[in-house]
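Here is a briefing on one protein chain. Please look over the sequence and the model before reading on.

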Amino acid sequence: MTDTHAAGTDVVDILTTDHREMLELLGQIEGTADAGRRRDLADTVIAEVMRHAVAEEMYVYPAMAKHLPDGAEEVEHDKQEHDELVQVMKQIEGVDASEPAFLELIREMQSQLRHHIEDEESDQFPKLRAHIPAGDLVELGEKVETAKKVAPTRPHPHAPHSELFHKTIGPGVGMVDRLRDKLTGRSTG
């Protein structure tokens, strides 16, 4: 989910690809008996979900609020779902991957993520394409890819889900997260 998308790819295609990759990682956790591998996969998917969510909050949600009918309400709904995901991811970080509770939390995260993805892909993404010119969607995609490179890789339940926070404080939080990841050997994709 790093910058593997071709130049000129629009934001909808980028986010949809991210969705597939996140669900694939979650599926791998279910099929892995090795607790260490489970933890590595969970850390990777958590980092990817955080990068994706922050990029959405920085660039996609402001565009939704501006261009979509009922966009502001949809953004608030999506931010609430992000907050619920952050809470579950924080819980996952605190549970040993060999415990039954770990897989229960992974299933909860998978369920929440599938619901969020369904909302976006069946309703919001088609609206983005209908209300925003194609060139602007490509530009939005480039901004999202750039944001994912500096976004936090760990859940921060008390951080605000705001464009301003993510654009000003978020890169510093992301830098600290990546340093912690490197020092602890945490897998982040």
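Is aspartate 70 buried or exposed? Aspartate 70 is exposed, because its relative accessible area is 54% and the cut-off for exposed is over 50%. The model is a predicted one. Its chain has seven helices and zero strands.

**Overall fold**
- Along the sequence, the pattern reads α-α-α-α-α-α-α.
- The protein chain has 189 residues, and buried residues make up 50% of them.
- Take the contacts with a separation of 6 or more: residues 24 or more positions apart account for 77% of these.

**The loop at aspartate 70**
- Aspartate 70 sits in the loop that joins helix H2 (35-67) to helix H3 (71-93).
- Its phi is near 60 degrees, a positive value in a residue other than glycine.
- Most residues other than glycine have a negative phi.

**Helix H4**
- Helix H4 covers residues 100-131, which is 32 residues.
- At 1.5 Å a residue, helix H4 should span 46 Å. The C-alpha atoms at its ends are 45 Å apart, so the two values agree.
- H4 also carries a kink of about 40 degrees, placed at glutamine 124. Proline 126 follows shortly after this kink.

**Glutamate 57 in helix H2**
- Glutamate 57 belongs to helix H2.
- Glutamate 57 is buried, because its relative accessible area is 2% and buried means under 20%.
- Alanine 147 lies 90 residues from glutamate 57 along the chain, yet their C-alpha atoms are separated by 10.0 Å.

**Cavities**
- There are three cavities of 30 Å³ or more.
- The volume of the second largest cavity is about 40 Å³.
- Four histidines help to line the second largest cavity: His19, His52, His82 and His116. The rest of the lining is Met22, Val49, Ala53, Glu56, Leu85 and Leu113.
- By class, the lining of the second largest cavity has five nonpolar residues, four polar and one charged.
- Helix H1 (11-30), H2, H3 and H4 each supply at least two residues of this lining.
- H2 gives the most to the lining of the second largest cavity, with four residues.

Methods
Residues numbered from 1 in each chain as written. Predicted model: local features only at pLDDT ≥ 70, side-chain atom pairs only at ≥ 80, totals over all residues. Heavy atoms only, no water. Expected span 1.5 Å × (residues − 1). Bend = angle between axes of the 7 residues up to and from the residue. Buried < 20%, exposed > 50% of the residue type's maximum accessible area, 1.4 Å probe, protein only. 1 Å grid on protein atoms, 1.4 Å probe; cavity = no way out; pocket = protein on both sides within 12 Å on 5 of 7 lines; lining within 4 Å. Points joined across faces, edges and corners; volume = space filled by probe spheres on them. Nonpolar A, V, L, I, M, F, W, Y, C, P; charged D, E, K, R; others polar. Contact = heavy atoms within 4.5 Å.
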